[in-house]
Amino acid sequence: MAIIKLENLSKTYSSQVEEVQALKNINLTIDKGDFIVVNGPSGSGKSTLLNLLAGIDEASLGDIQINNISLSSLSDRERTELRRNKIGLVFQYFELIPVLTAWENVEYPLLLQKVSKSERRRKVDRILEQVGLSKMAQRLPSQLSGGQKQRVAIARALVTDPEIVLADEPTGNLDTKTGEKIIELMLNLNREYNVAFVIVTHDLFVNKYAQKLIEIQDGILKIKEVNEYA
Ligand SMILES: Nc1ncnc2c1ncn2[C@@H]1O[C@H](COP(=O)(O)OP(=O)(O)OP(=O)(O)O)[C@@H](O)[C@H]1O
């Protein structure tokens, strides 16, 4: 089942000096439970694609549909709401709130959704256990390793039960062994919750986990490989 559809999507950045066509006529369907890895050289359009998928930026041409709803038909507030409910985000530098504990960082998106206290407690405890961090719940981000911080960020992305998690270079700030564990964790969560992942990465080791491997070059998207999981 398609959760996101990109149709003839283009993005042009215009300034007084020049126009950059960052994405050129992209077509892509993301199905429920997909595990998509996106490669591409610096400046090829990867972050632009993630920003459009997340509704952070708007396409110049073409359409993005999430659950058959066209993003362009929504107001800014409705787009924010959709992002909050359907999309989880994971970043290279974790982006945790430094004055909140691991537990409170994961709780935060549920507060925005006005989820009740008992439900928040249940959901945060459960997801922290799944990412292997129950014992570190009361630590501040500064008291955690890079890999542990990324686990907190993954728990925060998943605690709202999103349909899709968008990850921008999630292993970029981790050593290879820790990075590999983080991708394996994402894959396990992908299978357990049937939530789709789109992972943008320069780390080639991630490619072997891809169910769909995508490459962007000069704003043009190519599907390089599609694997069925055993
Ligand atoms: N806000 C902007 N204004 C003008 N041009 C932009 C803007 N953001 C990106 N670009 C240009 O669009 C193209 C695609 O950029 P994008 O950031 O999507 O690439 P990327 O593949 O994510 O690169 P990297 O791997 O270095 O992060 C580049 O040529 C970039 O210079």
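The following questions and answers examine a predicted model of a protein, from its overall form to the residues around its ligand.

Me: How many helices and strands are there in the protein?
Reply: The elements of this predicted model are of two kinds, helices and strands. The protein holds six helices and 10 strands.

Me: What radius of gyration does the protein have, and why does it agree with that of a compact globule?
Reply: The protein has 230 residues, and a compact globule of that length would have a radius of gyration near 17 Å. The C-alpha atoms fill a box of roughly 50 × 40 × 40 Å along the principal axes. The value for the protein agrees with the expectation for a globule, as it is 18 Å.

Me: What percentage of contacts join residues at least 24 apart?
Reply: The contacts considered are those between residues at least 6 apart in sequence. Of these, the share that joins residues at least 24 apart is 72%.

Me: Which strands stand at the edges of the sheet of six strands?
Reply: The six strands form an open sheet with mixed pairing, in the order E6-E7-E8-E3-E9-E10. A strand at an edge has a single partner strand, so one of its sides is left without a neighbour in the sheet. The strands in this position are E6 (87–90) and E10 (220–226).

Me: Is strand E3 enclosed or open, and why?
Reply: Both faces of E3 are covered: Phe 35, Val 37 and Asn 39 are buried on one side, and Ile 36 and Val 38 on the other. Since five of the five residues of E3 are buried, the strand is largely enclosed by the rest of the structure.

Me: Which residue in E9 is the bridge partner of Val 37?
Reply: Strand E3 runs parallel to E8, to which four bridges join it, and Val 38 stands opposite Val 200 in E8. Four bridges also join E3 to E9, and these two strands run parallel. In E9, the partner of Val 37 is Leu 213.

Me: In which sense do E9 and E10 pair, and which residue in E10 is the bridge partner of Glu 215?
Reply: Strand E9 (residues 212–217) and E10 are joined over six bridges, and their pairing is antiparallel. The partner of Glu 215 in E10 is Lys 222.

Me: Which strands stand at the edges of the sheet of four strands?
Reply: This open sheet has antiparallel pairing and the order E2-E1-E4-E5. Each edge strand has a single partner strand, so one side of each is left without a neighbour in the sheet. The edge strands are E2 and E5 (69–70).

Me: At about what angle does helix H1 run to E1?
Reply: Helix H1 packs on the sheet of six strands, touching E3, E7, E8 and E9, and its direction makes about 150° with that of E7. The helix also lies across E1, E2 and strand E4 (61–66). Its angle to E1 is about 125°.

Me: Which element gives the largest share of the shell around the ligand?
Reply: The residues around the ligand include Tyr 13, Val 20, Gly 45, Lys 46 and Thr 48. The elements that give two or more residues to this shell are strand E2 (19–31) and helix H1 (46–53). The largest share, three residues, comes from H1.

Me: How many residues of the shell around the ligand are polar?
Reply: The shell residues divide into nonpolar, polar and charged groups. Three are nonpolar and one is charged. The number of polar residues is seven.

Methods. Residues are numbered from 1 along each chain as its sequence is written. This is a predicted model: local features need pLDDT of at least 70, side-chain atom pairs count only at pLDDT 80 or more; totals for chains, interfaces and linings use all residues. A residue is near a molecule or strand if its C-beta atom, placed from the backbone, lies within 6 Å of it. Ala, Val, Leu, Ile, Met, Phe, Trp, Tyr, Cys and Pro count as nonpolar, Asp, Glu, Lys and Arg as charged, and the others, Gly among them, as polar. The radius of gyration is taken over C-alpha atoms; the globule rule is 2.2 Å times the number of residues to the power 0.38. Two residues are in contact if their C-beta atoms, placed from the backbone, lie within 7 Å. Two strands pair if DSSP finds at least two bridges between them. Axes are lines fitted to C-alpha atoms, for helices over the stretch in contact, and angles run from 0 to 180 degrees between N-to-C directions. A residue is buried if 20 or more other C-beta atoms lie within 10 Å of its own, exposed if 12 or fewer, and partly exposed in between; C-beta atoms are placed from the backbone.
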